[in-house]
Amino acid sequence: MCGPRRTPAGAFVPLRRVALIPARLGATRFPRKLLAMLAGKTVIRRTYEAAAATGLFDEVLVVTDSGEIRDEIAGAGGRAVMSLRPHESGTDRIAEVVEGMEVDLVVNVQGDEPFSRREPLARLLAAFDGEDGREVGVASLMQALHDPEQVRNPNFVKVAVDRRGHALLFSRSPIPYVRDPSAPPTYWEHIGVYAFRRDALLRFARLEPGPLERAEKIECLRFLEHGIRMRMVVTDYMGVEIDTPEDLVRAERLLAGRERET
């Protein structure tokens, strides 16, 4: 997957792929949410274990500002490192670590994403394959929103895309605005999982946040504000990003439902 790369000697070697999980303890809307219990395990532990269980990565690593989170992951048999500087976003946080890593593709799995599955992440990585994938520096996931209440909810980040699947705009507001009710659009929810080529990630970290990112608090707007295209990949994610205590309740219900099915 994602194609091999050629060494200076001419041999082909597989691309090295890592999943990095930024994990900040002091979230504004839901402080300490990553250490909240979700069906007997912390949110961050479930996120780490779900990413590792996909089998897609050469390494899965948590990058955190918290000794508590570091110890939680170590206690689960995983690896976590402390970031050395404060950061504007989770992507900035993982870029600090990537500076010292030999890696080709980096997947940023948000710490509040405990429902990662192999198929959506494999599809995300496949965006870098083939001739069409050569132009892709960064890609992310989106799923269709069908519930009008979720479309209106600012905790559900929406994305509008062009005909080739490139992001045009991200917003917490419903986009597009429907002036003509006879032409109802598909509303797409942005799933906060990103894949980067290493150089694209390091470039992101050197860019200044723009007025749209600062206003919306959506980090991927930084790419669009600096004229960098982002390829969006359709998925049927069907998980819960835990931004609020209410989301934690929804996640508990989803896990309970899955356990009843097995």
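These legends walk through some close-up views of a predicted model, mostly looking at its salt bridges.

**View 1. How confident is the predictor along the protein chain?** The mean pLDDT (the predictor's confidence in each residue, from 0 to 100) comes out at 90, with 93% of residues reaching 70 or more. Residues 9-13 are a weak spot, with pLDDT below 50. Beyond near neighbours in sequence, that stretch has 8 contacts in the model, a contact being heavy atoms within 4.5 Å. Where pLDDT is low, the predicted coordinates shouldn't be read in detail.

**View 2. Asp112 pairs up with Lys33.** The structure holds 19 salt bridges, each one a side-chain nitrogen of Lys or Arg within 4 Å of a carboxyl oxygen of Asp or Glu. In this one, the closest N and O atoms sit 2.7 Å apart. Asp112 is in the loop between β8 (105-109) and α4 (118-126), while Lys33 is in the loop between β3 (17-23) and β4 (37-38), so the bridge ties together parts 79 residues apart in sequence. Helices (H or I, at least four residues) and strands (E, at least two) are DSSP runs, numbered from the N terminus. Asp112 has 9% relative accessibility and counts as buried, and Lys33 is buried too, at 10%. Here, buried means under 20% relative accessible area, exposed over 50%, and partly exposed in between (1.4 Å probe, protein chains only).

**View 3. Lys33 also meets Asp243.** This salt bridge spans 3.5 Å, N to O. Asp243 belongs to the loop between β13 (231-234) and α10 (245-261), and the pair links parts of the chain 210 residues apart. Asp243 counts as buried, at 10% relative accessibility.

**View 4. Arg45 and Glu49 bridge within helix α1.** Their side chains meet at 2.9 Å, N to O. Because the two are 4 residues apart in α1 (residues 43-53), about one helical turn separates them. Arg45 is partly exposed at 26% relative accessibility, and so is Glu49 at 23%.

**View 5. Five residues share one network of salt bridges.** Asp132, Glu135, Arg164, Arg229 and Arg231 are joined through bridges that share partners.

**Notes for all views.** Residues are numbered from 1 along each chain as its sequence is written, and side-chain values use heavy atoms, with hydrogens and water left out. As this is a predicted model, local features need pLDDT of at least 70 and side-chain atom pairs count only at pLDDT 80 or more, while totals for chains, interfaces and linings use all residues.
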